[in-house]
Amino acid sequence: MSKLPNMFSIKHFLVVSLALNISLILRIVYDNEDGLGGYMRLRKTTTYESDTESRTEVPITHRLRLSTSNFANSTSTDHAEDRDRVINLDHGDPKMYDKFWRKMGDKTTITIPGWQSISYFSDTTNICWFLEPEFAKEVVRLHNVVGNAVTEGRYIVVGTGSSQLILAALYALSSHNAAEPIDVVSAAPYYSSYPLMTDFQKSGHYKWGGDARSFDKDGPYIELVTSPNNPEGHKTGPVLNRSNGLLIHDLAYYWPHYTPISSPSDHDITLFTVSKSTGHAGLRIGWALVKDQDVAKRMTKFIELNTIGVSKDSQLRAAKVLKVVSNSTEEENTQEGESFFKYNYEVMEQRWKQLRAALEANGLFTVANFPNGFCTFFNKKTENLPAFVWMKCEKDIEDCQSLLSQHKIMSRGGKHFGVSQRYVRVSLLDTDENFNLFIDRLSAMQL
Ligand SMILES: Cc1ncc(COP(=O)(O)O)c(C=O)c1O
């Protein structure tokens with residue numbers, strides 16, 4: 001009998017202890033999950049908030065402060081963040097186009113099944129055997145719609161960006177048994193990558209020969225002509241015009257939202273790229289229109305030796321994007337959709353208007369004025385609206401790039417383009433947020 005209360009209290013103790021343990025285990029589980037969830041949320045937020053421009057990681061403590069204060073008072077934090085944020089307008093990264101393509105929703109979406117794009121080859125009847133016929137078709141159609149290039153009687157060579165095509169063209173135009181490498185020149189200020197790309201691999205076939213305006217050798221040369229020019233924005237032509245010169249026309253910006261289309265380009269080698277026309281720099285697709293069959297063969301050979309062709313998936317995506325651009329132009333009058341060129345012309349027009357107002361407010365820089373011209377695409381006079389602003393510092397400022405970096409604006413100084421650091425190039429193709437920050441900082445800038 002005396003054992004009964006004892007038994008009862010042991011049982012009682014065991015039941016209570018079990019209940020407490022279960023509750024403890026449950027709390028640990030839920031607390032952990034909560035903690036992990038919180039951590040995951042934090043990680044999610046921080047990825048979103050990591051500084052994508054400069055690609056620097058934001059310290060976790062800082063990230064925490066950012067994400068919590070965002071909930072507390074987003075406006076003041078946004079201002080504080082904006083004040084400290086470095087904006088990278090050094091590269092011409094075309095993030096501006098994100099907005100238009102989001103508006104287009106699924107219009108450019110394609111599905112590529114696993115069995116597709118298996119073979120190296122696209123069209124063995126074509127000199128450029130890795131050119132996707134669908135892409136070639138849309139290139140021709142777009143040039144016909146826009147009127148910016150003659151395609152008839154031209155060979156199309158596709159490249160991994162027009163960057164690869166620049167090298168392919170240099171390889172194709174240079175003599176492979178000459179005693180000396182041929183000089184490659186371009187009129188300063190020239191696209192900053194030309195000298196770097198030309199001499200990158202120390203080719204025995206060609207070498208950088210500098211500013212075309214000061215080229216005084218008698219020998220043969222290749223002149224790179226960029227029109228409209230990067231960085232200045234003017235339409236240009238060759239400056240040397242000698243009989244022993246070969247030309248490569250880089251028309252990356254010869255599209256109606258940047259410049260009036262005066263006539264279809266009609267050169268020996270003309271380069272275009274989706275990076276600057278539609279904004280799809282990440283596809284890495286460019287194309288060359290080539291008059292001479294042997295040159296087209298040699299360019300194709302270069303790409304064969306370099307990368308054994310060009311991504312078929314990227315060509316298919318580019319074909320779809322070009323198709324939607326052409327469709328959007330044709331549908332404009334039927335109210336079906338928004339014309340790509342009209343929309344982006346208006347964006348560029350607005351940006352240049354804001355830019356000129358800001359420049360006027362501070363008086364520290366001079367920027368060229370561009371004459372309007374008749375655009376055969378829009379069938380009216382339009383403005384020249386370059387993708388970059390090329391600014392010259394006034395008031396004895398020697399280093400324009402440093403001045404901008406003091407205001408947390410990354411830009412590219414004149415020395416990269418073969419001129420003085422009193423000049424600087426700033427990209428106008430970044431997001432609205434970064435463009436507006438640039439304008440705010442420019443307006444407030446004082447010596
Ligand atoms: C004049 C010019 N050519 C070529 C390129 C290279 O373009 P892609 O992205 O097609 O290699 C650029 C890019 O900025 C450019 O400005």
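Which residues of helix 13 are buried? Keep that question open while loading the model, which is a predicted one.

**Stop 1: helix 13**

Select residues 432-444, the 13 residues of helix 13. The end C-alpha atoms are 18 Å apart, which agrees with the 18 Å that 13 residues should span at 1.5 Å a residue. The buried residues of this helix are Asn 434, Phe 435, Leu 437, Phe 438, Ile 439, Arg 441 and Leu 442.

Now show Arg 441 as sticks; this residue lies in helix 13. Is Arg 441 buried or exposed? Its relative accessible area is 11%, and the cut-off for buried is under 20%, so Arg 441 counts as buried. The side chain of Arg 441 reaches the backbone oxygen of His 407 at 3.3 Å. Leaving aside residues up to four places away in sequence, Arg 441 touches Asp 82, Arg 83, Arg 85, Ile 87, His 407, Lys 408 and Ile 409.

**Stop 2: Lys 408 and Lys 202**

Move from Arg 441 to Lys 408, one of the residues it touches. Lys 408 lies in the loop between helix 12 (400-406) and strand 13 (409-410). Its phi is near 60°, a positive value in a residue other than glycine. With a relative accessibility of 33%, Lys 408 counts as partly exposed.

Then select Lys 202, in the loop between helix 7 (193-199) and strand 4 (206-211). Lys 202 is not a glycine, yet its phi is positive, about 45°. Its relative accessibility is 73%, and Lys 202 therefore counts as exposed.

**Stop 3: Leu 364**

Select Leu 364 in the loop between helix 11 and strand 9 (365-366). Leu 364 has 3% relative accessibility and counts as buried. Add Gln 446 to the selection: the two residues are 82 residues apart along the chain, while their C-alpha atoms are separated by 7.7 Å.

**Stop 4: helix 5**

Select residues 133-146, which form helix 5. Its 14 residues should span 20 Å at 1.5 Å a residue, and the end C-alpha atoms are indeed 20 Å apart. Colour the buried residues: Phe 135, Ala 136, Glu 138, Val 139, Leu 142, His 143 and Val 146. Turn the view to look down the axis of helix 5; these buried residues fall within an arc of 165°, so they line one face of the helix.

What do the buried residues of helix 5 pack against? Show strand 2 (155-160), strand 7 (269-273), strand 8 (285-290), helix 10 (312-331) and helix 11 (340-362), which are the elements they meet. Helix 5 is followed by Gly 147, whose phi is positive, near 80°.

**Stop 5: helix 9**

Select residues 293-307 for helix 9. This helix has 15 residues and reaches 21 Å from its first C-alpha to its last, close to the 21 Å expected at 1.5 Å a residue. Its buried residues are Val 295, Ala 296, Met 299, Thr 300, Phe 302 and Ile 303. Seen down the axis of helix 9, they fall within an arc of 155°, so one face of the helix is lined by them. The cover over these residues includes strand 2, helix 6 (161-173), strand 7 and strand 8.

Check both ends. At the start of helix 9, a side-chain oxygen of Asp 292 reaches to within 3.0 Å of the backbone nitrogen of Asp 294. Just after the helix, Ile 308 takes a positive phi of about 45°.

**Stop 6: two cis peptide bonds**

Select Ser 227 and Pro 228; the peptide bond from Ser 227 to Pro 228 is cis, with omega near -5°. Pro 228 sits in the loop between strand 5 (221-226) and strand 6 (245-250). Next select Asn 230 and Pro 231, which are also joined by a cis peptide bond, with omega about 25°. Pro 231 is found in the loop between strand 5 and strand 6.

**Stop 7: the ligand**

Keep Asn 230 selected, since the next selection contains it. The residues surrounding the ligand are Gly 161, Ser 162, Ser 163, Tyr 191, Thr 226, Asn 230, Asp 250, Tyr 253, Thr 273, Ser 275, Lys 276 and Arg 284.

Three distances can be displayed here:

- Tyr 253: a polar side-chain atom lies 2.6 Å from an oxygen atom of the ligand.
- Thr 273: a polar side-chain atom lies 2.6 Å from an oxygen atom of the ligand.
- Ser 275: a polar side-chain atom lies 2.6 Å from an oxygen atom of the ligand.

How much of the accessible area that the ligand has on its own does the protein cover? The protein covers 93% of the 400 Å².

Key:
Residues numbered from 1 in each chain as written. Predicted model: local features only at pLDDT ≥ 70, side-chain atom pairs only at ≥ 80, totals over all residues. Heavy atoms only, no water. Helix = DSSP H or I, 4+ residues; strand = E, 2+ residues; numbered from the N terminus. Expected span 1.5 Å × (residues − 1). Buried < 20%, exposed > 50% of the residue type's maximum accessible area, 1.4 Å probe, protein only. Arc of directions from axis to C-beta. Contact = heavy atoms within 4.5 Å. Near = heavy atom within 4 Å. Polar contact = N/O pair within 3.5 Å; in protein donor to acceptor, adjacent residues only side chain to side chain. Areas by Shrake-Rupley, 256 points an atom, 1.4 Å probe, with all protein chains shown as cover.
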